[in-house]
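Reader: I'd like to understand the reasoning behind the labels people put on a structure. Could you take me through some of them?

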Amino acid sequence: MNLKYIISFVVSLILTLTNSLSSEMVTEIHRINQDQITVPDGLKSGIVLSTPIDSQIDKIGNVTVKFKITGDDFASNGDYYAAIYLGQTGVPLINHVGKRKTELLGYPDNGFDVTFDDTATGKDIHNYRLVLNGNQTTPIDPEYTTPLTGTWQPDGRWKSFDSDPIQSQLSDFKGLDPSGVWSLIISDSDAGGVGKLILCEV
């Protein structure tokens with residue numbers, strides 16, 4: 001019998017896996033940790049959060065990811081890199097958003113509370129200011145306290161300039177066996193300002 005499944009990782013992210021061959025649904029929730037996690041400031045190698053899962057799904061149909069991070073007054077979205085992996089298959093979720101040849105530090109907005117979904121056509125998170133405002137300079141809010149929200153396509157760039165090609169999507173997980181070790185890698189490569197991964201609500 002074909003079933004439609006949802007699997008959720010509840011940490012700083014919720015990972016949803018769907019076998020979309022049927023309207024029937026089963027949900028699994030996996031907690032990597034119970035607390036918020038400080039992202040080491042200025043450490044390019046960052047941290048790795050991993051969890052092994054034993055899934056009821058034979059093959060992945062669709063993947064969406066919910067991701068939340070907040071920072072102190074000096075934190076900057078352009079500092080962060082985050083990618084999700086199943087074994088050797090990985091997808092960059094954010095890669096120094098806003099970084100371009102005319103702005104090497106990326107966007108100085110503060111925080112993410114977003115869902116990543118390949119179907120968010122035209123919503124490239126790397127250039128979210130351009131998507132929202134039609135330019136690269138207008139912040140989410142002038143006080144730099146409001147996080148980016150909404151549903152976005154993952155960055156997908158293994159290199160961090162806006163002009164670099166998008167080489168990975170969440171659909172790269174399609175057809176894989178979801179049982180195994182899933183990992184979130186996140187780093188803050190520029191010193192100054194501390195970000196924290198926040199537990200998302202299911």
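Author: Happily; what follows is a short conversation about a sheet, some buried residues and a few aromatic rings in this predicted model.

Reader: Let's start with S187. What makes this residue count as buried or exposed?

Author: Its relative accessibility is 4%. Buried means under 20%, so S187 counts as buried. S187 lies in strand β11, residues 180-188, and touches V39, L43, K44, S45, G46, D79, Y80 and Y81, leaving aside residues up to four places away in sequence.

Reader: How do you know that the side chain of S187 and the backbone oxygen of K44 make a polar contact?

Author: A polar atom of the S187 side chain lies 3.4 Å from that oxygen of K44. The cut-off is within 3.5 Å, so the pair qualifies as a polar contact.

Reader: Which strands are at the edges of the sheet, and why?

Author: The order in this open sheet of 4 strands is β5-β11-β7-β8, with antiparallel pairing. β5 (43-53) and β8 (89-95) each have a single partner strand, so one side of each has no neighbour in the sheet. From one strand to the next, the twist averages 15°.

Reader: What makes β7 and β8 a pair?

Author: Two strands pair if there are at least two bridges between them. Strand β7 (residues 80-86) and β8 have 6 bridges in the antiparallel sense, so they meet that rule. Y81, for example, has N95 in β8 as its bridge partner.

Reader: Now the rings. Why is the pair of Y80 and F112 called edge-to-face?

Author: The count comes to 7 aromatic pairs. For Y80 and F112, the ring centres are 6.5 Å apart and the planes stand at 65°. Planes over 60 degrees apart count as edge-to-face, so the label fits this pair. Y80 is in β7 and F112 in strand β9 (residues 112-116), so the pair ties together parts 32 residues apart in sequence. Y80 counts as buried at 1% relative accessibility, and F112 is buried too, with a relative accessible area of 1%. Both belong to one aromatic cluster with F67 and F116.

Reader: And why is the pair of Y85 and W158 called tilted?

Author: Their ring centres are 6.4 Å apart and their planes are at 55°. Stacked needs under 30 degrees and edge-to-face over 60, so this pair is tilted.

Reader: How do you know that W158 is partly exposed?

Author: Its relative accessible area is 34%. Buried is under 20% and exposed over 50%, so W158 is partly exposed.

Terms used:
Residues are numbered from 1 along each chain as its sequence is written. This is a predicted model: local features need pLDDT of at least 70, side-chain atom pairs count only at pLDDT 80 or more; totals for chains, interfaces and linings use all residues. Side-chain values use heavy atoms; hydrogens and water are left out. Helices (H or I, at least four residues) and strands (E, at least two) are DSSP runs, numbered from the N terminus. Buried means under 20% relative accessible area, exposed over 50%, partly exposed in between (1.4 Å probe, protein chains only). A polar contact is a pair of N or O atoms within 3.5 Å; within protein, one must be able to donate a hydrogen and the other to accept it, and residues adjacent in sequence count only if both atoms are side-chain atoms. Contact means heavy atoms within 4.5 Å. Axes are lines fitted to C-alpha atoms, for helices over the stretch in contact, and angles run from 0 to 180 degrees between N-to-C directions. Rings of Phe, Tyr and Trp (its six-membered ring) pair if their centres lie within 6.5 Å; planes under 30 degrees apart count as stacked, over 60 as edge-to-face and the rest as tilted.
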